[in-house]
Amino acid sequence: MQHRPFPDLRMTALHDYRAPWWLPGGDLQTIWPALLLRPWRAAGPAYRRERWQAPDGDFIDVDHLQGARGAPWLVLFHGLEGSSSSHYAVAFAQAAKARGWHFSVPHFRGCSGEPNLAPRSYHSGDFEEIGWMLGRIREAAGAPVLAAGVSLGGNALLRWAEEAGSTATPVVRALAAVSAPLDLAAAGAAIDRGFNRLAYAQHFLRTMKPHALAKWQQHPRLFDRERLIAARTLREFDDCFTAPLHGFSSVDDYWRRASAKPHLVAIRVPTLVFNARNDPFVPEQSLPNPNQAGPEVMLWQPDHGGHVGFPTGRFPGHVHAMPEAVCDWLEAAAATEASHPL
């Protein structure tokens, strides 16, 4: 399969990436950035929040940073239980601001600090929601639109590009997925066992279950409340909440249909798929190889980095290199798209 001549990774901040010696292993490279490299509140972006009415009458909240006239517009889709204040979102905001770009973070349903209204939430294969959000940005932007997704948001963004096919190119110039769980069954099994179950699954469930119970208060009997209260794994949570609320027959049906990996060959817009091989809950053996990706897809799989970590620098380190590298790649891919048609 002939692939597009992609931008040279040697020009990015993460070429030949290796984690600092004092952060060995995928778990430390995941946990340290998430917990200890968060910016001070006073140093966070001065977002302007806008509320959009969704096609079903619900709402989502979108946080924006204004860029220079005619500058590219970067849209970031956050991860599970994330928001515009997540450490990686702030780092992307700072990278976009330094370049003079417009920057927007659409919040998935219920992730902006206020419960959404409809009898639904969000999920890893929410490509229709991604398409509607990107369409709204495209209508407002007088400049090229670039898109990035992190973890769950990365998988959902890829699913949109796969479903959209050639119709994605009028909407975005290039996109990137960082630490996306491309095979949801493999990722779900990994996060629910051993240390991962204690360190990661329980961390997510501490917020996911209260949000789900608040949804039950809005819409009684929407799902089996007692099963949800008893859920101890993400698989159990997805089986009793995420899957039935979004039209899937079971957790296995959800994970199968929402996984981006089987459809990477369908992507028709320049795409970077960026996964560390030591990600604690995206197993290395589940990552795609070049034969499983279409000609518009570049796979970047460094040995180190953890899950949405990629810390760099002297102690205590920082998380700016990954967003800088992704922005470098997106900018170069968008600039070369027209000059290298397939």
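The expected span of a helix is 1.5 Å times one less than its number of residues. In this predicted model, helix α6 has 25 residues. The distance from its first C-alpha to its last is 35 Å. That is close to the 36 Å expected at 1.5 Å a residue. Helix α6 also has a kink of about 35°. The kink is centred on Ala201.

Ala201 is one of the buried residues of α6. Asn196 and Tyr200 are buried as well. Further along, the buried residues include Phe204, Leu205, Met208 and Lys209. Ala212, Lys215 and Trp216 complete the list. Several helices help to cover these buried residues, among them α1 and α5 (184–191). The cover also includes α7 (225–230) and α8 (234–245).

The pairing of α1 with α6 was examined next. Two packed helices are described by the angle between their axes and the distance between the axes. Helix α1 spans residues 26–36, and helix α6 spans residues 194–218. Their axes come within 13 Å. The crossing angle is roughly 5°. Angles under 35 degrees count as roughly parallel, and α1 and α6 are therefore roughly parallel to each other. On the α1 side, the contact is made by Asp27, Thr30 and Ile31. On the α6 side, Phe195, Asn196 and Tyr200 take part. The residues of this contact comprise three nonpolar, two polar and one charged. Two of the α6 contact residues, Asn196 and Tyr200, also appear among the buried residues of α6.

Backbone geometry was considered last. Most residues other than glycine have a negative phi, and most peptide bonds are trans. Ser151 has a positive phi, near 55°, although this residue is not glycine. Ser151 lies in the loop between β5 (145–150) and α4 (152–164). Its relative accessibility is 11%. Buried means under 20% relative accessible area, so Ser151 counts as buried.

Val308 is another residue other than glycine with a positive phi, here near 50°. The loop between β8 and α10 holds Val308. At 5% relative accessibility, Val308 also counts as buried.

The loop between β8 (297–300) and α10 (321–336) contains Pro316 too. A cis peptide bond joins Phe315 to Pro316. Omega for this bond is about 5°. The loop between β8 and α10 thus holds both Val308 and Pro316.

Note on methods:
Residues numbered from 1 in each chain as written. Predicted model: local features only at pLDDT ≥ 70, side-chain atom pairs only at ≥ 80, totals over all residues. Heavy atoms only, no water. Axes fitted to C-alpha atoms, helices over the stretch in contact; angles between N-to-C directions. Helix = DSSP H or I, 4+ residues; strand = E, 2+ residues; numbered from the N terminus. Parallel < 35°, antiparallel > 145°, perpendicular 65-115°, else oblique. Contact = heavy atoms within 4.5 Å. Nonpolar A, V, L, I, M, F, W, Y, C, P; charged D, E, K, R; others polar. Bend = angle between axes of the 7 residues up to and from the residue. Buried < 20%, exposed > 50% of the residue type's maximum accessible area, 1.4 Å probe, protein only.
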